[in-house]
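Here are a few short exercises to work through with the viewer open. Try each task before you read its solution.

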Amino acid sequence: MKKHKIAIVGSGPAGLAAGIYTSRAEIETKIYAGLEPGGQLTKTTEIENYPGVIGKTGPELMAEMTKQAQKFGAEIIYEEVSDLATLRESYDAVILAMGASPRLLGVGEENYWGKGFSTCAVCDAAFYRGKNVYVVGGGDSAIEDALALTKFASKVTMLVRSDKLRASVAMQRRLEQSEVEVKWNTQVVGVEGERVETLLVTQGDSDLPAQVGTVTRLPAEGLFFAIGHIPATKWLENEGILDENGYVVVNHEGWPTMTRIQGVFAAGDCVDHRYRQAATAVGMGVSAALDIERWMNENTK
Ligand code: NDP
């Protein structure tokens, strides 16, 4: 019998979990690692909330997942993919698992990953026990992050760029009942210190460029951004499989992980804008692999 071939685009938790399952099911598996092999977890330090993993860093966990996929025969290709049609010609099926990147501001915060700056309060809140922390953003994620941080931090302040929140009414009520302070019309324009020690902010009308206002310095021990995510799906814009925010739409014809293109499946943060956890991405990757195995048996020779 001819061996089925699949391409997985992305080498974060979703892509590698899918690859472990497909290669172990003796499907010839190529994983295109893309520009950021290992995905967002490679930017974190210690992992505390991935079940069964204690005392490992993000890069270590991803290195092990990669090794595990390779052990069963998956091949990692260090290339970026930019054309779905070419992939579909060469493979029986495709899993899209490119992930999403947290939106950044580019005001120097990129220098502070693991040094007081994070975009995942669910992952990192526990490292901020007794600290004075700030959350940038005014959506549901920002409130959720701020509330998660109140369990650990001594002081939590939200910095909202306008005079209103985008978050749902229910989350706004929870915020009102909490100890979180909100600074309105406030934009971060810089970060200073060895670790995050000082935030440079401007306050005023959010229609004005942030640089115009007078800069105020706020002492800080932690900075969290929750200003949205950008799924890595730009290359799929003309395929008709994205929603208005650029996330891949699945659940087609009774296949929970298939897009509306037959044989093209998707998993992880490029699909999921809600949970965005390594563990949920792994779960979706596994689901996609199992769906693909069944779909191949029914649809390919
Ligand atoms: P949103 O797009 O809803 O909110 C982004 C927030 O970041 C807005 O307040 C926005 O401000 C602000 N922002 C964007 N760019 C900048 C910038 N350059 N500088 C400062 N602030 C900025 O993203 P979320 O991640 O919060 O939510 C994504 C989706 O997930 C939503 O549909 C949300 O409802 C859902 N979600 C639901 C949860 C729940 O139900 N518990 C929990 C988490 C997310 P502005 O309003 O001015 O544009």
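The exercises below cover a sheet first and salt bridges after that.

This is a predicted model, in which local features need pLDDT of at least 70, side-chain atom pairs count only at pLDDT 80 or more, and totals for chains, interfaces and linings use all residues. Residues are numbered from 1 along each chain as its sequence is written, and side-chain values use heavy atoms, with hydrogens and water left out.

**Exercise 1.** Work out the strand order of the open five-stranded sheet, and find its edge strands.

*Solution.* Start with the terms: strands are DSSP runs of E with at least two residues, numbered from the N terminus, and two of them pair if DSSP finds at least two bridges between them. Walking across the sheet, you get S8-S15-S9-S10-S11, with parallel pairing. Next, look for strands that pair on one side only: these are S8 (117-118) and S11 (181-183). As background, strands of a sheet pair through backbone hydrogen bonds, either parallel or antiparallel.

**Exercise 2.** Take strands S9 and S10 and count their bridges.

*Solution.* S9 spans residues 132-136 and S10 spans residues 155-159. They pair in the parallel sense over five bridges. For one facing pair, pick Val-136: it stands opposite Leu-159 in S10.

**Exercise 3.** How many salt bridges are there, and which residues join Glu-28 in a network?

*Solution.* Set the rule first: a side-chain nitrogen of Lys or Arg has to be within 4 Å of a carboxyl oxygen of Asp or Glu. The count then comes to nine. One of them joins Glu-28 to Lys-30 at 3.7 Å, N to O. Glu-28 and Lys-30 are also linked with Glu-75 in a network of salt bridges.

Now check accessibility, where buried means under 20% relative accessible area, exposed over 50%, and partly exposed in between (1.4 Å probe, protein chains only). Glu-28 has 31%, so this residue is partly exposed. Lys-30 has 18%, so this one counts as buried.

**Exercise 4.** Find the helix that holds both Arg-173 and Glu-176, then do the same for Glu-298 and Arg-294.

*Solution.* A helix here is a DSSP run of H or I with at least four residues.

- Arg-173 and Glu-176 sit in H6 (residues 169-176), three residues apart, about one turn of the helix. Their salt bridge is 3.0 Å, N to O. Arg-173 is partly exposed at 41%, while Glu-176 is exposed at 56%.
- Glu-298 and Arg-294 sit in H7 (residues 278-299), four residues apart, again about one turn. Their closest N and O atoms are 3.9 Å apart, and both residues are exposed.
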